[in-house]
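Tutor: Please keep the sequence and the model in view while we talk. We will begin with charged side chains and then turn to cysteines, strands and helices.

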Amino acid sequence: MQGELLRASQSRPPEEQPRPERLKSDCPVLLSQRLVLRAPHEEDIDALAHLANNANIATMVSRMPHPYTAKDAADFVRRAKAGEIGKCVYAITRGDNGAFLGCCALEPQQDERTLEIGYWLGEPHWNRGYATEAAHVLIDMAFRTRNNIDHIDARCRVTNVASKRVIQKCGFQYQGTGMIDCLALGGMVAVEWFRLDRKTWMSLRSWGELR
């Protein structure tokens, strides 16, 4: 599975950034059949730097530098822990051995009733269903615990067939195309925009037909 869009909030002033204590209450540890989603911490830095230092991932997300160093990983963990990134950030880990696989996040949008989901996995962990499993549990948490949320959006590069497949397995519907800046490529790239509304999620929340 190729890395999906994971964007940092760039426009909100500091007073609107989520506080660490709010992140803790709004973003509980999440469990699925094979995964544990939890906050990133210092012990993830080496694995994060190793997996993220991959052009096949960096060119599919918007704000990941390439090369990606241990310093970048340490700064990411620090900012996630402090709430400076401006979103609910999770490390995706295996439930049986705690191995770090990648990251996922939910980011509030301007209309306050929409979140955007983003995720990426290290290349050794592609094509095992981890991205879909992580997305399912993250989406379920968002709709079940945040009654003010009506929609969750997802975006992926038009060339990112694997990520598009994950999005479609989660019930998202195509909305249109657009352009975003890609830090690793130093320019704009074309993306497709998808949306999942609460009503559709309620009809699919068992995820039985989408696995």
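Student: Which residue forms a salt bridge with D75?
Tutor: This is a predicted model, in which residues are numbered from 1 along each chain as its sequence is written, local features need pLDDT of at least 70, side-chain atom pairs count only at pLDDT 80 or more, and totals for chains, interfaces and linings use all residues. Side-chain values use heavy atoms, with hydrogens and water left out. A salt bridge requires a side-chain nitrogen of Lys or Arg within 4 Å of a carboxyl oxygen of Asp or Glu. The closest N and O atoms of the pair are 2.8 Å apart, and the partner of D75 is R78.

Student: In which helix do D75 and R78 both lie?
Tutor: An α-helix has 3.6 residues a turn, so residues three or four places apart point the same way. D75 and R78 are three residues apart, about one turn. Helices here are DSSP runs (H or I, at least four residues), as strands are (E, at least two), numbered from the N terminus. The helix that holds both residues, spanning 70–82, is α4.

Student: Which residues do the salt bridges that share partners join into one network with R78?
Tutor: Residues count as buried under 20% relative accessible area, exposed over 50%, and partly exposed in between (1.4 Å probe, protein chains only), so R78, at 41%, is partly exposed. D75 at 30% is also partly exposed. The side chain of E84, itself partly exposed at 41%, meets that of R78 in a salt bridge of 3.2 Å from N to O. Shared partners therefore join R78 in one network with D75, R79 and E84.

Student: Which residue forms a salt bridge with R38, and how many salt bridges are counted?
Tutor: The closest N and O atoms are 2.8 Å apart in the salt bridge between R38 and D44, and both of these residues are buried. By the rule already given, the full count of salt bridges is twelve.

Student: Which cysteine is joined to C27 by a disulfide?
Tutor: The criterion for a disulfide is a pair of cysteine sulfur atoms within 2.5 Å, and one disulfide is counted by this rule. Its S to S distance is 1.8 Å, and it joins C27 to C88. The pair links distant parts of the chain, 61 residues apart, with C27 in the loop between α1 (20–26) and β1 and its partner in strand β3. Both cysteines are buried, and the one joined to C27 is C88.

Student: How far from C103 is the nearest cysteine sulfur?
Tutor: C103 counts as buried, since its relative accessibility is 1%. C103 is in no disulfide, and the nearest cysteine sulfur, that of C104, lies at a distance of 7.5 Å.

Student: In β2, which residue is the bridge partner of L30?
Tutor: Two strands pair if DSSP finds at least two bridges between them, and two bridges join β1 to strand β2 (residues 35–38), with the strands running antiparallel. A hairpin of three residues connects β1 to β2. L35 and L37 point one way from β2, whereas V36 and R38 point the other way, and all are buried. The bridge partner of L30 in β2 is L37.

Student: Which strands stand at the edges of the sheet?
Tutor: The sheet is open, has eight strands with mixed pairing, and follows the order β1-β2-β3-β4-β5-β6-β8-β7. Each edge strand has a single partner, so one side of each is left without a neighbour in the sheet, and these strands are β1 (30–31) and β7 (173–182).

Student: At about what angle does α5 run to β5?
Tutor: Axes are lines fitted to C-alpha atoms, for helices over the stretch in contact (heavy atoms within 4.5 Å), and angles run from 0 to 180 degrees between N-to-C directions. Helix α5 (residues 130–145) lies across several strands, including β3 (88–94), β4 (100–108) and β6 (151–157). Its angle to β5 (114–121) is about 155°.

Student: What angle does the direction of α6 make with that of β6?
Tutor: The buried residues of α6 are A162, S163, K164, V166 and I167, and their cover includes β5, α5, β6 and β8. Helix α6 (residues 161–169) packs on the sheet, and its direction makes with that of β6 an angle of about 165°.
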